[in-house]
Amino acid sequence: MTMNPNHVNELIRNRRSVFQQQYTGERVDDKIVQQMLENANWAPTHKLTEPWRFIVFTGEGIKRLAAAQAAVYRQVTESDGSYKEERYQNLLTKPMLSSHIIAVAMKRDEKKSVPQIEEVGAVFCAVQNIYLTATAYGIGCYLSTGGITYFEEAKEAFGLGVDDLLIGFFHIGIPKGDIAPGKRKPVADKVIWER
Ligand SMILES: Cc1cc2nc3c(=O)[nH]c(=O)nc-3n(C[C@H](O)[C@H](O)[C@H](O)COP(=O)(O)O)c2cc1C
């Protein structure tokens, strides 16, 4: 098998996070989302635990997700006094701007043979595969770790156990207009070579 490294360089450097306000509102073909998930499934995984789990919401499914996450938010924040109506309304309505939303989770291996940090790392590798596949198809997307991601009470709604983790919500949509170029400080600032 021969590959053109320039294609990989170009793909990686053109990957961008594209947010809901930048989506046209059109539906992305489920077949493309399926390709994203197939590629996610090829992420590296220590001891082949394959800890990534995905729940894909689209159409009416997104409305159910919105209602469920808003309800979890209300229940948790009303009891600790941090409830904000604007945030609640946001959780209830903003998801509808996305074509698909993938709830991304880490399912803990029962034998716990791999440290948790590695399982989380494997799931983020899977997320990167989704990002890159979306880029190749010209689809907009981004990972959100906002909303109820870190609410312990959210786990049950996604069929997760206490040792599992909700990693975030991956939003997908058709981008409108040009996507702004990315920004990074030089890699040289972050690398030491010892020769
Ligand atoms: C672990 C992780 C969590 C993120 N969570 C959010 C988020 O909650 N909200 C958001 O707007 N962007 C989130 N992002 C996307 C970043 O905003 C985005 O990667 C950053 O702006 C760099 O832009 P780029 O992805 O186009 O290079 C997250 C990215 C990662 C890797």
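A backbone N or O atom of Leu143 lies 3.1 Å from a nitrogen atom of the ligand, a polar contact (a pair of N or O atoms within 3.5 Å). The model is predicted: local features need pLDDT of at least 70, side-chain atom pairs count only at pLDDT 80 or more, and totals for chains, interfaces and linings use all residues. Residues are numbered from 1 along each chain as its sequence is written, and side-chain values use heavy atoms, without hydrogens and water.

**Ligand site**

- Two arginines also make such contacts: a polar side-chain atom of Arg15 is 2.9 Å from an oxygen atom of the ligand, and a side-chain N or O atom of Arg184 is 2.8 Å from an oxygen atom of the ligand.
- On its own the ligand has 620 Å² of accessible area (Shrake-Rupley method, 1.4 Å probe), of which the protein covers 57%.
- Residues around the ligand (a heavy atom within 4 Å) include Phe19, Phe124, Tyr142, Ser144 and Thr145.
- Strand E3 (a DSSP run of at least two residues, numbered from the N terminus) gives the most to this shell, with three residues.

**Strand E3**

- E3 spans residues 140–144, and five of its five residues are buried (under 20% relative accessible area, 1.4 Å probe, protein chains only).
- Gly140, Tyr142 and Ser144 are buried on one side of E3, and Cys141 and Leu143 on the other.
- E3 pairs with strand E4 (residues 165–173) in the antiparallel sense over five bridges; pairing requires at least two DSSP bridges.
- Cys141 has Ile172 of E4 as its bridge partner.

Methods
Buried < 20%, exposed > 50% of the residue type's maximum accessible area, 1.4 Å probe, protein only. Helix = DSSP H or I, 4+ residues; strand = E, 2+ residues; numbered from the N terminus. Polar contact = N/O pair within 3.5 Å; in protein donor to acceptor, adjacent residues only side chain to side chain.
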